[in-house]
Each structure stands twice: as structure tokens, then as C-alpha cells.
Amino acid sequence: MLLPTDRGFAHPVASEITPRSAFDARRRRFVAAAAATALAPGGAWAQTPAAPRGAALPGARSSVLGAVTMEKATPMADATSYNNFYEFGTDKSDPAQHAHTLKTRPWTVSIEGEVRKAGTFGIDDLLKLGAMEERIYRLRCVEGWSMVIPWVGYSLSELIRRVEPTGNAKYVQFVTLADRAQMPGLRSSVLDWPYVEGLRMDEAMHPLTLLTFGMYGQVLPNQNGAPLRLVVPWKYGFKSGKSLVKIRFVEQQPVTSWTLAAPQEYGFYSNVNPNVDHPRWSQATERRIGEGDLFAKKRPTLLFNGYEPQVGALYAGMDLKKWF
């Protein structure tokens, strides 16, 4: 079921976004079935499906301040099977099931707007623009779940400097692929496609903002945003656009997809903040995917997802409840 919004777009009810309770219910049925198998003659506990194996894409350990957390990484099988990527469906398991239809070669990204060196870059050209680094970032989603993932890429600022933004460039807009032939989720009216996100220029230039080509030492799996995506670790996950095809430098704050669909729920900044709840979910705590499964304890949500020492100055003097 879809709920209308004041902008005329349909917005999913919580069940479509797969709340953690629904996910837990499915896991509970799985565990019960596995237990029954284990007790049967010759039975054995079901194994977690193997993570997809892609081409190797190693990166040197990053020296950027705050870029490597010492927390235990989420198992790759979990990080590649529990995803938000509505272009392939609204259920958390849909991207892993349907994203095989995405063709990631050839692939180009257009650089447009207020830049001196606008143009179109092939994915292989973009891969060569910066030195690949591994950065172990927390990923926190607005529904209340989190992961720790070793991403591979380089600071978005490296690309930005090369295209030379003009003085009029105050924001960066990111546009993702919208191809109905490859993306079955586009038949849904959940959002107005293509998916659009944006950052203020200083956010885009921050060294932690990662132009991402891989994870776990491999090229990105399709369901995780292949062939390139954004990762902004101090913001909720939906700010990190996947399968990018356009990067525009603009003077005015861009209207982003979720802000257009439900402005009362999704602000432009969307910084992780335990003190500002989503209207339907508390943001005070979170559950770490792959950590204890059904019995995982909630942990306190950290301001700016724990990256406050690195990014807090970007928002000095701002009312974080108003500019959520």
C-alpha cells in the first residue's frame, strides 16, 4: 500500500520499507526451519549464502583522519543481502534477487553545471583519477539498522578539484540511473525517478566523502550500487546515491528525491542524530546487522554516526532540529 504525499508522490508505508520486526520474523522462521533440519537424520544447520565474488579491487589502508574504524566488519554475506535500493524493489532482499539485470559496462558519468571542465567520463577513466583506498566506515540507515563495511574508493574531492567548479557552485547534485529495462523497481511510484541526492559543497569536499567503486576488496556488487556510488558516513544511508550517472554543480540547493516525496520526514541534511527522531522511528538506538541475529542488543546511536570530531564543525551554529 502507498500513502499519498503533499507533493503528489506515493510514499511507502512502514511495511513496504521492511521494518526490523518483519525482517526478524522472517529470520525467526528461517531459524526454526534450520533447527528442524538439524534435528532430522543427517540434518545440518543451514549455512549463510556465500557472498558474491567479483573482480578484485584492493585499496591501501586510508590515512584520512577517522576513515578507519576498529569495529568488527559486518559479514559480506549480510552486507550484500540486506539492502535499500528501491530501483530493484522495496524489500530488503529484493536488490540481491533482482540486481543481476543491471549492466555496469559500458558506463559513463556526466559532469555538468558550474564547472570549467564539464564532460563525460567512462567508468575506467574515473577509476584512474584517484588512488584506491580502503576505508572502514559505519553505515547507519534511517530505519534503525547499521553495518560496518570496508569500502574501496577515493575522496570525492579529488574528482571535484579536477573538474574545477566555478565560484557559483554551492551544491553538488547526484543523479542515479533510471532504466526500466534493467530496474524492475521503477515500475513503483514510491519515488519520482530518477533518484536524486545532494550535498553542500563543503560536505562534498570533505575528505571522508567517498566516491566508491568497491567493498571488501572487490568491485561493488550490483545490489550495493555498482559500478560507483557515494558513501557519506556521517549521514543516513539514503544520502549515499547508488549507480551514479550524473554529477551536477549548482548554485541553489537541489531538491532531493526523499525530500520531494516526504519533506516532513526526510530533510536535506539527514545527518545521523539520536536527538532528532524520524516521525515513525526513534533514532536514539540502532541494531547492527549480522551481530547476534535475533538477539542483537540495541546500541546507542552516535551523533554524526560517530564522526562528530571530523565533521561537527561543518554545522557549527546550525539548529540541527530545524536543519535535519
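# A quick tour of the predicted fold

F304 and Y315 are both buried. That pair is a handy way into this structure, which is a predicted model. From there we can move on to a five-stranded sheet, a network of salt bridges and a few residues worth a closer look.

**Aromatic rings**

- The rings of F304 and Y315 are stacked, because their centres are 5.4 Å apart and their planes sit at 20°.
- F304 is in the loop between β15 and α8, while Y315 comes in the segment after α8, so the pair ties together parts that are 11 residues apart in sequence.
- These two rings have company: Y171, F268, Y269, F304 and Y315 make up one aromatic cluster.
- How many aromatic pairs turn up in the whole structure? A search finds 11 of them.
- Another of these pairs is Y82 with W145, and this one is edge-to-face, with 4.9 Å from centre to centre and 80° between the planes.
- Y82 sits in the loop between α2 and α3 (94-98) and W145 in strand β7 (residues 145-155), so to speak bridging distant parts of the chain that are 63 residues apart.
- Both Y82 and W145 are buried.

**Charges over rings**

- K242 lies over the face of F85, and its distance from the ring centre is 5.5 Å.
- R280 does something along those lines with W281: the charged end of R280 sits over the ring, 4.7 Å from the centre.

**The sheet and its helix**

- Five strands line up as an open sheet in the order β5-β4-β13-β8-β9, with mixed pairing.
- Which strands stand at the edges? They are β5 (119-122) and β9 (196-200); each has a single partner strand, so one side of each is left without a neighbour in the sheet.
- On average, neighbouring strands here are turned by 20° against each other, ignoring direction.
- Inside the sheet, β8 (residues 171-176) pairs with β13 (residues 244-250) in the antiparallel sense, over 6 bridges.
- Y171, a member of the aromatic cluster, stands opposite V250 in β13.
- Helix α5 (residues 156-163) lies across β4 (108-113), β5, β8 and β13, and runs at about 60° to β13.

**Two residues in the sheet**

- Q173 belongs to strand β8 and is buried, with a relative accessible area of 12%.
- Leaving out neighbours within four places in sequence, Q173 is in contact with V196, E197, G198, K246, I247, R248 and P254.
- G122 is found in strand β5.
- Between G122 and P106 there are 7.6 Å in space, C-alpha to C-alpha, although the two are 16 residues apart in sequence.
- Not counting residues up to four places away in sequence, G122 touches W107 and T108.

**Salt bridges**

- Side chains of opposite charge can pair when their charged atoms come close.
- There are 16 salt bridges in this structure.
- One of them joins the side chains of E71 and R138, at 2.5 Å from N to O.
- That pair links distant parts of the chain, 67 residues apart: E71 is in the loop between β3 (60-61) and α2 (76-79), and R138 is in strand β6 (residues 133-140).
- Buried or partly exposed? E71 is partly exposed at 24% relative accessible area, whereas R138 counts as buried at 14%.
- E286 forms a salt bridge with R140, and the closest N and O atoms are 3.0 Å apart.
- Here the two partners are 146 residues apart, with E286 in strand β14 (residues 285-288) and R140 in strand β6.
- Both ends of that bridge are tucked away: E286 counts as buried at 4% relative accessibility, and R140 counts as buried at 0%.
- E291 and R299 also meet through their side chains, 2.7 Å from N to O.
- E291 is partly exposed at 34% relative accessible area, and R299 is partly exposed at 24%.
- Which residues does the salt-bridge network link? They are E71, R138, R140, E286, R288, E291 and R299.

**N305, a loop residue**

- N305 is found in the loop between β15 (299-300) and α8 (308-311).
- Although N305 is in a loop, this residue is buried, with a relative accessible area of 2%.
- Beyond its neighbours within four places in sequence, N305 is in contact with R138, L139, R140, P233, W234 and V272.
- Two of those contacts, R138 and R140, are also part of the salt-bridge network.

Conventions
Residues numbered from 1 in each chain as written. Predicted model: local features only at pLDDT ≥ 70, side-chain atom pairs only at ≥ 80, totals over all residues. Heavy atoms only, no water. Helix = DSSP H or I, 4+ residues; strand = E, 2+ residues; numbered from the N terminus. Buried < 20%, exposed > 50% of the residue type's maximum accessible area, 1.4 Å probe, protein only. Contact = heavy atoms within 4.5 Å. Pairing = 2+ DSSP bridges. Axes fitted to C-alpha atoms, helices over the stretch in contact; angles between N-to-C directions. Salt bridge = Lys/Arg side-chain N within 4 Å of Asp/Glu carboxyl O. Phe/Tyr/Trp six-rings, centres within 6.5 Å; stacked < 30°, edge-to-face > 60°. Lys NZ or Arg CZ within 6 Å of the ring centre and 35° of its normal.
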